[in-house]
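Let's walk through this structure together, starting with how far to trust it and then moving from the inside outwards. Have your viewer ready.

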Amino acid sequence: MRAAPLALLALLAGGAARADDRPCDRHVSVTGHAASAQAPDFAEVAIGIEAKGANAAAALDAASKAVAGLTATARDAGLSSAEIGTAAVSLQPAIRAVNRPGGVTEEPDGYAATNIVRLRVGDMGRLGDLLRRILDSGANRIDGITFGLRDPEAARAALQVAAAKDARTRAATLAEAVGAKLGSLCTLTALDTGPGPFAMRAMAAPSPKARPVPVEAGSIESAASVSATFALDR
């Protein structure tokens with residue numbers, strides 16, 4: 001979609017523009033809409049390790065060692081340091097349920113440590129294989145996959161321009177229906193809509209067969225709306 005004229009972009013960015021009020025005494029107000037669906041161009045996956053140990057240090061050390069192998073696998077797969085980042089580290093006492101004659105009780109069972117790494121993958125075709133390799137390297141948690149656009153603002157701006165054109169078309173149709181001519185623009189307000197990532201959450205653990213993890217990126221639906229008022233000429 002072509003870039004918007006500077007004047008129109010200024011109107012959209014400013015939220016509203018008003019011309020001379022007098023020509024706008026007779027006016028028509030409409031809302032223009034535009035929508036699109038496009039394939040995401042990156043995925044972020046939160047994947048990591050949950051390990052147990054007899055004490056806090058043992059649990060944390062086990063998780064740290066395993067996550068080092070995870071990040072090494074990601075680098076071997078071509079991810080840069082900027083595409084690999086720690087998302088969460090946690091350490092807490094673990095408990096276990098014990099059946100006793102009087103009922104089930106909970107007892108201390110060492111410590112549980114978790115280390116989650118967030119990976120950004122730009123090549124959708126490699127995502128399933130990368131997840132398989134990371135699971136094989138010791139990961140036992142997938143906390144979520146999120147798909148998104150690298151430049152959502154560009155998509156938003158293009159849709160706002162399309163929505164403004166739709167508003168003018170709607171206004172012209174209404175003006176013609178009542179025997180009037182569409183005049184100059186009185187107000188134009190960009191409403192707050194835009195693209196949002198489609199999130200998919202899952203839990204996973206390694207399986208005996210080294211198959212790529214099936215992942216379907218789907219599409220990201222984006223929308224924009226503008227409210228516009230145009231003068232009506234006799």
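What pLDDT does the protein average, and what share of the residues score at least 70? The average is 83, and 83% of the residues score at least 70, where pLDDT is the predictor's confidence in each residue, from 0 to 100. This is a predicted model, so to speak a calculated one: local features need pLDDT of at least 70, side-chain atom pairs count only at pLDDT 80 or more, and totals for chains, interfaces and linings use all residues. Residues are numbered from 1 along each chain as its sequence is written, and side-chain values use heavy atoms, with hydrogens and water left out.

Two stretches call for some care. Residues 1-20 stay under a pLDDT of 50, and the model gives them 28 contacts beyond four places in sequence, a contact being heavy atoms within 4.5 Å. Residues 197-208 are also below 50, with 31 contacts beyond near neighbours in sequence. Where pLDDT is low, the predicted coordinates should not be read in detail.

Now for the interior. The largest nonpolar core holds 27 residues; such a core is a set of buried Ala, Val, Leu, Ile, Met, Phe, Trp, Tyr and Cys residues joined through side-chain atoms within 4.5 Å. Buried here means under 20% relative accessible area, exposed means over 50%, and partly exposed is in between (1.4 Å probe, protein chains only). At least two residues of this core come from each of β2 (42-53), α2 (56-76), β4 (103-121), α3 (124-136) and β5 (141-148). These labels are DSSP runs numbered from the N terminus, with helices (H or I) of at least four residues and strands (E) of at least two. I47 and L119 have the most contacts inside the core. Leaving out residues up to four places away in sequence, I47 touches L70, N115, I116, V117, L119, L131, I134, L135, A139, R141 and I142. Apart from this core lies another, of 17 residues, with A34, L159, A175 and L232 among them.

Helix α3 deserves a closer look. Its buried residues are L127, G128, L130, L131, R132, I134 and L135, and what covers them includes β2, α2, β4 and β5. At the N-terminal end, D123 caps the helix, with a side-chain oxygen 3.1 Å from the backbone nitrogen of G125. After α3 comes G138, whose phi is positive, near 130°.

The same helix brings us to charged pairs. Nine salt bridges turn up in the whole structure, each a side-chain nitrogen of Lys or Arg within 4 Å of a carboxyl oxygen of Asp or Glu. R132 and D136 form one of them, with the closest N and O atoms 2.9 Å apart; both lie in α3, four residues apart, about one turn of the helix. R132 is buried at 6% relative accessible area, whereas D136 is partly exposed at 45%.

Other pairs link distant parts of the chain. R120 and E44 meet in a salt bridge at 3.0 Å, N to O, which joins strand β4 to strand β2 across 76 residues. R120 is partly exposed at 32%, and E44 is partly exposed at 21%. E107 pairs with R96 at 3.8 Å, linking β4 to β3 (residues 84-100), eleven residues apart. Finally, E50, R141 and D143 are linked in a network of salt bridges.

Methods:
Polar contact = N/O pair within 3.5 Å; in protein donor to acceptor, adjacent residues only side chain to side chain.
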